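Let's take a walk through this protein, starting with its internal spaces and then moving out to strands, loops and a few single residues. Keep the viewer open as you read.

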Amino acid sequence: MRPRPDTVDVLVVGFGPVGAVLAGLLGKRGVDVLVLERDYEVFPLPRAAHVDHTGLRTWQELNLLDRLLPAMQANLGLDFLTANGELLARIPGDQSSSSGLPSSMYFFQPVLDSAVREAVAAMPSVTIRLGTEVVGVTSADDHVRVVAAAADGERLEVAAKWVVACDGAASRVRDQIGFGVEDLHFEEPWLVVDLVLDGERAEPGRAICRCDPGRPTYSIPMPARRHRFEFRLMDDDDPAAMLQPGRISELVTPWFPDRPFELERAAIYTFHGLVARKWRHQRIFLAGDAAHQMPPFLGQGMCSGLRDAANLAWKLDLVIRGNAPDDLLNTYAEERRAHVRSVVESAVRIGRLICTIDPDEAAERDRRMLSDTRPPSQRIAFTLPALRPGSLVRENGGDLFVQPAGADVRLDDAIGSRFAVLARTPALIGPGPADWWRDRMGAFVATLGQLLPAHAKGVLSWLDNHDSDVVVVRPDRYVLWAGPDLDDVTRKIAALLGG
């Protein structure tokens with residue numbers, strides 16, 4: 001680790017999964033990063049347990065995917081059941097994904113956090129300070145003055161060009177700056193329990209949500225003989241009593257009557273639906289739980305934070321290197337806030353559906369859903385939205401680009417952490433606009449014939465489906481634009497980036 005800087009390009013507050021990934025994405029690009037984290041160890045209580053293919057793809061960019069996947073367990077799907085065990089709806093978990101990766105996986109967060117931290121801490125341009133809490137931030141014209149206090153009493157002052165608060169739901173930076181939040185009116189207390197099951201047998205299978213008005217409950221199989229339960233706290237529950245091992249055993253034993261288990265961790269959380277109204281104040285940004293909070297019923301909380309990091313990292317890199325004006329960073333909130341708000345709305349909608357504790361309302365819900373003639377997998381619909389059109393989302397843009405499976409080298413790895421311009425024929429990337437992408441933006445520019453056969457087949461199919469001949473893919477793997485030729489979009493992006 002290099003000596004602690006007094007000035008830094010980017011200061012990241014918080015070294016949880018979002019802060020670590022943001023620091024890693026910047027560090028991979030050689031950006032000078034300082035991470036300040038209040039705690040010395042990874043967070044010990046149960047929090048995230050699920051990641052989708054978008055999160056896996058972000059870890060892939062950090063060369064961590066093949067290290068992390070073996071410790072995960074595939075999500076086969078989520079079944080919503082009545083109190084009597086009848087199937088209300090099903091969200092599949094094992095379908096294919098556009099990323100050529102598993103669509104949905106479960107993990108044990110302390111193990112994952114440790115692996116990501118270790119990889120990021122090894123990056124030459126990243127400095128980590130554990131046991132150091134940010135106590136003040138003050139914006140100036142060209143930097144942010146950050147004051148932090150170490151556990152040993154040392155006072156640290158840093159001038160950072162940019163600050164990103166990844167310091168969680170109780171973000172001190174967010175509250176100090178006064179970022180207001182939009183309340184989507186969901187607030188419920190839940191007991192979250194992690195168990196270690198006895199024996200060598202793993203617990204593959206579907207996750208279950210029992211929509212019992214007497215106590216809505218989630219049951220989630222996890223890797224390494226672990227199992228997670230989430231129990232809604234009812235109005236007459238004493239939170240302190242609910243955390244007692246004896247009471248937890250009473251709740252869990254009916255699910256595992258013939259298998260011993262050990263209580264590993266338990267915590268009570270209040271699930272919220274909140275989105276910060278502003279994500280940027282001068283040179284300070286919010287990301288992850290500091291910017292948004294949602295009920296965990298779709299497993300999208302951490303995934304959304306990782307998408308924040310992937311969206312912001314490449315834009316910060318362009319600005320820091322002088323390849324784009326500061327205004328480019330306004331697209332971070334423009335793109336991410338609308339996207340995550342849609343996801344929070346979906347999580348809240350499903351939460352209200354399954355968390356009904358009024359017996360009459362629950363009976364009516366069950367009657368309505370059981371009489372639905374559609375297959376159970378179509379009764380609760382959720383798909384990630386596309387990014388809304390904007391300055392960096394043009395015609396045919398906004399979706400995550402394909403990463404075709406079937407090749408020894410993944411397409412993202414072949415492209416690298418940069419723009420990509422992929423075209424059907426050499427004539428489409430001849431002298432002119434393609435040179436600007438290659439020379440000015442450092443883009444990966446290639447025809448289908450220059451790709452591996454498996455990649456070319458998948459990209460060709462995508463181009464056909466979008467009636468396009470050439471596509472521009474952003475460094476965060478979202479499609480910027482696709483169409484017949486590069487001329488018009490290149491002029492617009494060059495004007496946006498000032499060159």
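Before we look inside, a word on residue classes: Ala, Val, Leu, Ile, Met, Phe, Trp, Tyr, Cys and Pro count as nonpolar, Asp, Glu, Lys and Arg as charged, and the others, Gly among them, as polar. What you are looking at is a predicted model, in which local features need pLDDT of at least 70 and side-chain atom pairs count only at pLDDT 80 or more, while totals for chains, interfaces and linings use all residues. Residues are numbered from 1 along each chain as its sequence is written, and side-chain values use heavy atoms, with hydrogens and water left out.

Start with the holes. On a 1 Å grid over the protein atoms alone, a cavity is a set of points where a 1.4 Å probe fits but cannot get out; a pocket is an open set with protein on both sides within 12 Å along at least five of seven lines; and a lining residue has an atom within 4 Å of a point. Grid points are joined across faces, edges and corners, and the volume is the space filled by probe spheres set on the points. By that reckoning the structure has two cavities of 30 Å³ or more, and the largest has a volume of about 160 Å³. It is lined by 15 residues, of which T58, A310, L400, D476 and Y478 are the closest to its centre. By class, that lining holds five nonpolar, three polar and seven charged residues. Helices α2 (53-61) and α8 (301-320) each supply at least two of the lining residues. Those labels come from DSSP runs, numbered from the N terminus: helices are H or I runs of at least four residues, strands are E runs of at least two.

The second largest cavity holds about 40 Å³ of space. Its lining includes R57, F401, D412, A420 and R477, and the full set divides into five nonpolar, no polar and five charged residues. Now for an open space: the second largest pocket has a volume of about 160 Å³. Of its 13 lining residues, D317, L318, S417, R418 and M441 are the closest to the centre. Helix α8 gives the most to this lining, with three residues. The classes here come to five nonpolar, three polar and five charged.

R477, from the lining of the second largest cavity, deserves a second look. It sits in the loop between β22 (470-473) and β23 (479-483) and has a positive phi of about 75° although it is not a glycine. Why flag that? Because most residues other than glycine have a negative phi. R477 also counts as buried, because its relative accessibility is 6%; buried means under 20% relative accessible area, exposed over 50%, and partly exposed in between, with a 1.4 Å probe and protein chains only. N63 is another non-glycine with a positive phi, of about 60°. This one lies in the loop between α2 and α3 (65-68) and is exposed, with a relative accessible area of 63%.

A420, also in the lining of the second largest cavity, leads us to strand β20 (residues 420-423). Both of its faces are covered: A420 and L422 are buried on one side, V421 and A423 on the other. In a regular strand the side chains alternate between the two faces of the sheet. Strands count as paired if DSSP finds at least two bridges between them. β20 pairs with β21 (residues 444-447) in the parallel sense over four bridges, and A423 has T447 as its bridge partner. Elsewhere, an open sheet of three strands runs in the order β3-β7-β4, with antiparallel pairing. Its edge strands are β3 (50-52) and β4 (73-74), each pairing on one side only.

Finish at T356, in the loop between α9 (330-354) and α10 (359-370). Is this residue buried or exposed? T356 is buried, with a relative accessible area of 11%. Its side chain reaches the backbone oxygen of R352 at 3.2 Å and that of L353 at 3.3 Å. These are polar contacts: pairs of N or O atoms within 3.5 Å where, within protein, one must be able to donate a hydrogen and the other to accept it, and residues adjacent in sequence count only if both atoms are side-chain atoms. Leaving aside neighbours within four places in sequence, T356 is in contact (heavy atoms within 4.5 Å) with P213, E361, A362 and R365.
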